[in-house]
Amino acid sequence: MLETLDLFKEALLQCFKGIPLTIELTVLSVALGFCIAVFLAVLLQGQNRLIKRCINGFTFFFTGTPLLVQLYIFYYGIPEWNVIGKLMHTPQFAFLKEGFIWVLIALTLNTAAYSTVIFAGFIRNMDKGELEAAKAYGMSYKQAMRRIIVPSALRKALPAYSNEVIMTMHATALASVVTLLEVTGQANIFNQTYYEPFIAYGAAAVIYFVLNGIMIMGFKQLEKKYLKHLRVRRA
(Lines give C-alpha, C1' and ligand atoms only; values in the text may rest on other atoms or scores of the structure.)
Protein backbone atom coordinates (compact mmCIF):
# COMPACT_ATOMS: atom_id res chain seq x y z
CA MET A 1 0.00 0.00 0.00
CA LEU A 2 2.80 2.39 0.91
CA GLU A 3 4.58 1.63 -2.34
CA THR A 4 1.40 2.39 -4.29
CA LEU A 5 0.99 5.75 -2.56
CA ASP A 6 4.63 6.60 -3.21
CA LEU A 7 4.20 5.74 -6.89
CA PHE A 8 1.04 7.84 -7.06
CA LYS A 9 2.86 10.82 -5.54
CA GLU A 10 5.66 10.36 -8.05
CA ALA A 11 3.11 10.13 -10.87
CA LEU A 12 1.53 13.39 -9.70
CA LEU A 13 4.92 15.10 -9.68
CA GLN A 14 5.59 13.79 -13.18
CA CYS A 15 2.22 15.01 -14.45
CA PHE A 16 2.73 18.39 -12.79
CA LYS A 17 5.53 19.00 -15.28
CA GLY A 18 2.96 19.01 -18.07
CA ILE A 19 0.62 21.58 -16.52
CA PRO A 20 2.36 24.67 -18.04
CA LEU A 21 2.06 23.25 -21.55
CA THR A 22 -1.56 22.22 -20.99
CA ILE A 23 -2.41 25.72 -19.77
CA GLU A 24 -0.46 27.35 -22.60
CA LEU A 25 -2.26 25.32 -25.27
CA THR A 26 -5.63 26.02 -23.64
CA VAL A 27 -5.14 29.76 -23.20
CA LEU A 28 -3.68 30.40 -26.65
CA SER A 29 -6.18 28.26 -28.56
CA VAL A 30 -9.16 29.68 -26.66
CA ALA A 31 -7.98 33.29 -27.05
CA LEU A 32 -7.29 32.94 -30.79
CA GLY A 33 -10.41 30.84 -31.34
CA PHE A 34 -12.55 33.41 -29.53
CA CYS A 35 -11.37 36.24 -31.79
CA ILE A 36 -11.95 34.16 -34.93
CA ALA A 37 -15.37 33.00 -33.72
CA VAL A 38 -16.68 36.49 -32.90
CA PHE A 39 -15.56 37.74 -36.31
CA LEU A 40 -17.17 34.82 -38.17
CA ALA A 41 -20.35 34.94 -36.09
CA VAL A 42 -20.84 38.60 -37.01
CA LEU A 43 -20.17 37.89 -40.71
CA LEU A 44 -22.85 35.19 -40.60
CA GLN A 45 -25.41 37.88 -39.84
CA GLY A 46 -24.70 39.57 -43.18
CA GLN A 47 -26.33 39.06 -46.56
CA ASN A 48 -23.34 37.82 -48.57
CA ARG A 49 -24.23 34.23 -49.46
CA LEU A 50 -20.70 33.25 -50.54
CA ILE A 51 -19.20 34.34 -47.22
CA LYS A 52 -21.95 32.58 -45.28
CA ARG A 53 -21.43 29.36 -47.26
CA CYS A 54 -17.67 29.45 -46.65
CA ILE A 55 -18.17 29.98 -42.90
CA ASN A 56 -20.82 27.25 -42.74
CA GLY A 57 -18.44 24.92 -44.59
CA PHE A 58 -15.70 25.74 -42.11
CA THR A 59 -17.91 25.03 -39.08
CA PHE A 60 -19.38 21.91 -40.72
CA PHE A 61 -15.93 20.40 -41.29
CA PHE A 62 -14.49 21.13 -37.85
CA THR A 63 -17.61 20.20 -35.92
CA GLY A 64 -18.35 17.19 -38.10
CA THR A 65 -14.98 15.42 -37.91
CA PRO A 66 -13.06 14.11 -34.87
CA LEU A 67 -10.44 16.46 -33.43
CA LEU A 68 -7.90 13.61 -33.51
CA VAL A 69 -8.32 13.33 -37.28
CA GLN A 70 -7.93 17.09 -37.62
CA LEU A 71 -4.77 16.93 -35.51
CA TYR A 72 -3.31 14.23 -37.75
CA ILE A 73 -4.13 16.29 -40.84
CA PHE A 74 -2.29 19.33 -39.49
CA TYR A 75 0.61 17.48 -37.87
CA TYR A 76 1.28 14.81 -40.51
CA GLY A 77 -0.57 15.92 -43.64
CA ILE A 78 0.02 19.62 -44.20
CA PRO A 79 3.82 19.52 -43.55
CA GLU A 80 4.01 17.03 -46.41
CA TRP A 81 2.86 19.69 -48.87
CA ASN A 82 5.73 20.77 -51.10
CA VAL A 83 5.33 24.49 -50.31
CA ILE A 84 5.13 23.95 -46.54
CA GLY A 85 8.04 21.50 -46.67
CA LYS A 86 10.25 24.11 -48.33
CA LEU A 87 9.21 26.79 -45.83
CA MET A 88 10.10 24.53 -42.91
CA HIS A 89 13.70 24.40 -44.11
CA THR A 90 14.11 28.17 -44.13
CA PRO A 91 15.37 29.99 -41.01
CA GLN A 92 12.33 32.29 -40.88
CA PHE A 93 9.86 29.39 -40.75
CA ALA A 94 11.91 26.86 -38.77
CA PHE A 95 9.21 26.98 -36.07
CA LEU A 96 6.98 24.96 -38.40
CA LYS A 97 9.09 21.91 -37.57
CA GLU A 98 7.78 21.99 -34.02
CA GLY A 99 4.68 19.98 -33.23
CA PHE A 100 3.40 22.70 -30.91
CA ILE A 101 2.37 25.03 -33.74
CA TRP A 102 0.34 22.36 -35.56
CA VAL A 103 -1.41 21.24 -32.37
CA LEU A 104 -2.20 24.87 -31.57
CA ILE A 105 -3.64 25.45 -35.06
CA ALA A 106 -5.83 22.34 -34.82
CA LEU A 107 -7.13 23.25 -31.36
CA THR A 108 -7.69 26.89 -32.34
CA LEU A 109 -9.68 26.12 -35.49
CA ASN A 110 -11.68 23.42 -33.72
CA THR A 111 -12.74 25.64 -30.82
CA ALA A 112 -13.30 28.55 -33.24
CA ALA A 113 -15.79 26.45 -35.22
CA TYR A 114 -17.78 25.38 -32.17
CA SER A 115 -17.66 28.88 -30.70
CA THR A 116 -18.85 30.39 -33.98
CA VAL A 117 -21.95 28.22 -33.85
CA ILE A 118 -22.59 29.25 -30.24
CA PHE A 119 -22.08 32.98 -30.76
CA ALA A 120 -23.96 33.12 -34.07
CA GLY A 121 -26.95 31.44 -32.45
CA PHE A 122 -27.08 33.92 -29.59
CA ILE A 123 -26.62 36.91 -31.91
CA ARG A 124 -29.36 35.63 -34.21
CA ASN A 125 -31.77 35.10 -31.32
CA MET A 126 -31.22 38.45 -29.65
CA ASP A 127 -34.33 40.40 -28.68
CA LYS A 128 -35.27 42.65 -31.61
CA GLY A 129 -36.17 45.31 -29.10
CA GLU A 130 -32.49 45.87 -28.33
CA LEU A 131 -31.74 46.59 -31.99
CA GLU A 132 -34.77 48.88 -32.25
CA ALA A 133 -33.68 50.76 -29.13
CA ALA A 134 -30.20 51.21 -30.60
CA LYS A 135 -31.71 52.59 -33.81
CA ALA A 136 -33.87 54.94 -31.75
CA TYR A 137 -30.65 56.36 -30.30
CA GLY A 138 -29.43 57.06 -33.81
CA MET A 139 -27.00 54.14 -34.13
CA SER A 140 -26.34 52.52 -37.48
CA TYR A 141 -26.63 48.74 -37.85
CA LYS A 142 -22.85 48.32 -37.53
CA GLN A 143 -22.71 50.54 -34.44
CA ALA A 144 -25.60 48.65 -32.86
CA MET A 145 -23.88 45.32 -33.54
CA ARG A 146 -20.60 46.53 -32.08
CA ARG A 147 -21.95 48.38 -29.06
CA ILE A 148 -25.16 46.54 -28.16
CA ILE A 149 -25.92 43.26 -29.91
CA VAL A 150 -22.53 41.49 -29.87
CA PRO A 151 -21.60 42.42 -26.25
CA SER A 152 -25.07 41.40 -25.02
CA ALA A 153 -25.00 38.13 -26.98
CA LEU A 154 -21.53 37.25 -25.67
CA ARG A 155 -22.68 37.77 -22.09
CA LYS A 156 -25.71 35.54 -22.60
CA ALA A 157 -23.57 32.91 -24.35
CA LEU A 158 -21.19 32.69 -21.40
CA PRO A 159 -22.67 29.49 -19.83
CA ALA A 160 -22.60 27.64 -23.16
CA TYR A 161 -19.18 29.01 -24.08
CA SER A 162 -17.71 27.97 -20.73
CA ASN A 163 -18.45 24.34 -21.63
CA GLU A 164 -16.58 24.77 -24.91
CA VAL A 165 -13.54 26.22 -23.12
CA ILE A 166 -13.52 23.29 -20.69
CA MET A 167 -13.80 20.82 -23.57
CA THR A 168 -10.85 22.53 -25.26
CA MET A 169 -8.77 22.08 -22.11
CA HIS A 170 -9.70 18.39 -22.10
CA ALA A 171 -8.80 18.16 -25.80
CA THR A 172 -5.21 19.23 -25.10
CA ALA A 173 -4.69 15.64 -23.93
CA LEU A 174 -4.62 14.66 -27.62
CA ALA A 175 -1.36 16.57 -28.00
CA SER A 176 0.33 13.58 -26.36
CA VAL A 177 -0.25 11.49 -29.50
CA VAL A 178 2.16 13.76 -31.38
CA THR A 179 4.81 13.64 -28.64
CA LEU A 180 3.98 16.89 -26.83
CA LEU A 181 4.58 16.44 -23.12
CA GLU A 182 1.53 18.05 -21.56
CA VAL A 183 -0.19 16.33 -18.62
CA THR A 184 -1.18 13.18 -20.51
CA GLY A 185 2.21 13.07 -22.25
CA GLN A 186 3.94 13.11 -18.87
CA ALA A 187 1.60 10.35 -17.69
CA ASN A 188 2.69 8.31 -20.72
CA ILE A 189 6.33 8.72 -19.68
CA PHE A 190 5.55 7.56 -16.16
CA ASN A 191 3.67 4.53 -17.48
CA GLN A 192 6.53 3.63 -19.83
CA THR A 193 8.93 3.81 -16.88
CA TYR A 194 6.95 1.91 -14.22
CA TYR A 195 4.31 0.05 -16.27
CA GLU A 196 1.56 1.28 -13.95
CA PRO A 197 -1.19 2.62 -16.23
CA PHE A 198 -3.82 2.95 -13.50
CA ILE A 199 -1.54 5.04 -11.31
CA ALA A 200 -0.16 7.07 -14.23
CA TYR A 201 -3.47 8.04 -15.76
CA GLY A 202 -5.20 8.23 -12.39
CA ALA A 203 -2.74 10.98 -11.44
CA ALA A 204 -3.42 12.73 -14.76
CA ALA A 205 -7.15 12.48 -14.10
CA VAL A 206 -6.73 14.13 -10.70
CA ILE A 207 -4.87 17.05 -12.26
CA TYR A 208 -7.47 17.50 -15.00
CA PHE A 209 -10.19 17.33 -12.34
CA VAL A 210 -8.52 20.13 -10.35
CA LEU A 211 -7.96 22.29 -13.46
CA ASN A 212 -11.56 21.67 -14.47
CA GLY A 213 -12.80 22.75 -11.04
CA ILE A 214 -10.75 25.95 -11.14
CA MET A 215 -12.12 26.82 -14.58
CA ILE A 216 -15.71 26.16 -13.49
CA MET A 217 -15.32 28.42 -10.46
CA GLY A 218 -13.81 31.12 -12.65
CA PHE A 219 -16.69 31.01 -15.11
CA LYS A 220 -19.22 31.00 -12.28
CA GLN A 221 -17.72 34.28 -11.08
CA LEU A 222 -17.90 35.72 -14.59
CA GLU A 223 -21.53 34.65 -14.90
CA LYS A 224 -22.37 36.30 -11.58
CA LYS A 225 -20.75 39.51 -12.77
CA TYR A 226 -21.98 39.72 -16.36
CA LEU A 227 -25.36 37.95 -16.07
CA LYS A 228 -26.42 39.66 -12.87
CA HIS A 229 -29.12 41.62 -14.65
CA LEU A 230 -30.77 38.43 -15.93
CA ARG A 231 -31.32 36.89 -12.52
CA VAL A 232 -34.88 36.92 -11.24
CA ARG A 233 -35.24 39.29 -8.35
CA ARG A 234 -37.15 38.05 -5.36
CA ALA A 235 -39.91 40.24 -4.03
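**Rings and charges, one why at a time**

Searching the whole structure, a predicted model, turns up nine aromatic pairs.

Q: What makes phenylalanine 34 and phenylalanine 119 an aromatic pair, and why is it called edge-to-face?
A: Their ring centres are 5.6 Å apart, and rings pair if the centres lie within 6.5 Å. The planes meet at 80°, and over 60 degrees counts as edge-to-face, so that's the label this pair gets.

Q: Which parts of the chain does the pair of phenylalanine 34 and phenylalanine 119 tie together?
A: Phenylalanine 34 sits in helix 2 (residues 19–43) and phenylalanine 119 in helix 6 (residues 99–124), so the pair ties together parts that are 85 residues apart in sequence.

Q: Why does phenylalanine 34 count as partly exposed?
A: Its relative accessibility is 32%. Buried means under 20% and exposed means over 50%, so phenylalanine 34 lands in between and is called partly exposed.

Q: How do you know whether phenylalanine 119 is buried or exposed?
A: Check its relative accessibility, which is 2%. The buried label applies under 20%, so phenylalanine 119 counts as buried.

Q: Why is the pair of phenylalanine 34 and tyrosine 161 called tilted?
A: The centres are 5.9 Å apart, within the 6.5 Å needed for a pair. The angle between the planes is 55°. Stacked needs under 30 degrees and edge-to-face over 60, so this pair is tilted.

Q: What parts of the chain does the pair of phenylalanine 34 and tyrosine 161 link?
A: Distant ones: phenylalanine 34 is in helix 2, while tyrosine 161 is in helix 9 (residues 158–171), 127 residues apart.

Q: What makes tyrosine 161 buried?
A: At 8% relative accessibility, it falls under the 20% cut-off, so tyrosine 161 counts as buried.

Q: Which residues form one aromatic cluster?
A: Phe58, Phe61, Phe62 and Phe74 do.

Q: What makes the patch of Glu3, Asp6, Glu10 and Glu196 negative?
A: Asp and Glu count as negative, and this surface patch is formed by Glu3, Asp6, Glu10 and Glu196. Aspartate 6 belongs to helix 1 (residues 2–16). Its relative accessible area is 40%, and patch residues need over 30%, so aspartate 6 clears that bar.

Q: Why is arginine 155 called partly exposed?
A: Arginine 155, in helix 8 (residues 141–156), has a relative accessible area of 31%. That falls between 20% and 50%, so partly exposed fits.

Terms used: Residues numbered from 1 in each chain as written. Predicted model: local features only at pLDDT ≥ 70, side-chain atom pairs only at ≥ 80, totals over all residues. Heavy atoms only, no water. Phe/Tyr/Trp six-rings, centres within 6.5 Å; stacked < 30°, edge-to-face > 60°. Helix = DSSP H or I, 4+ residues; strand = E, 2+ residues; numbered from the N terminus. Buried < 20%, exposed > 50% of the residue type's maximum accessible area, 1.4 Å probe, protein only. Patch = residues over 30% accessible without salt bridge, like charges linked within 9 Å, V, L, I, M, F, W, Y side chains within 5 Å. Areas by Shrake-Rupley, 256 points an atom, 1.4 Å probe, with all protein chains shown as cover. Salt bridge = Lys/Arg side-chain N within 4 Å of Asp/Glu carboxyl O. Charge placed at Lys NZ, Arg CZ, Asp CG, Glu CD.
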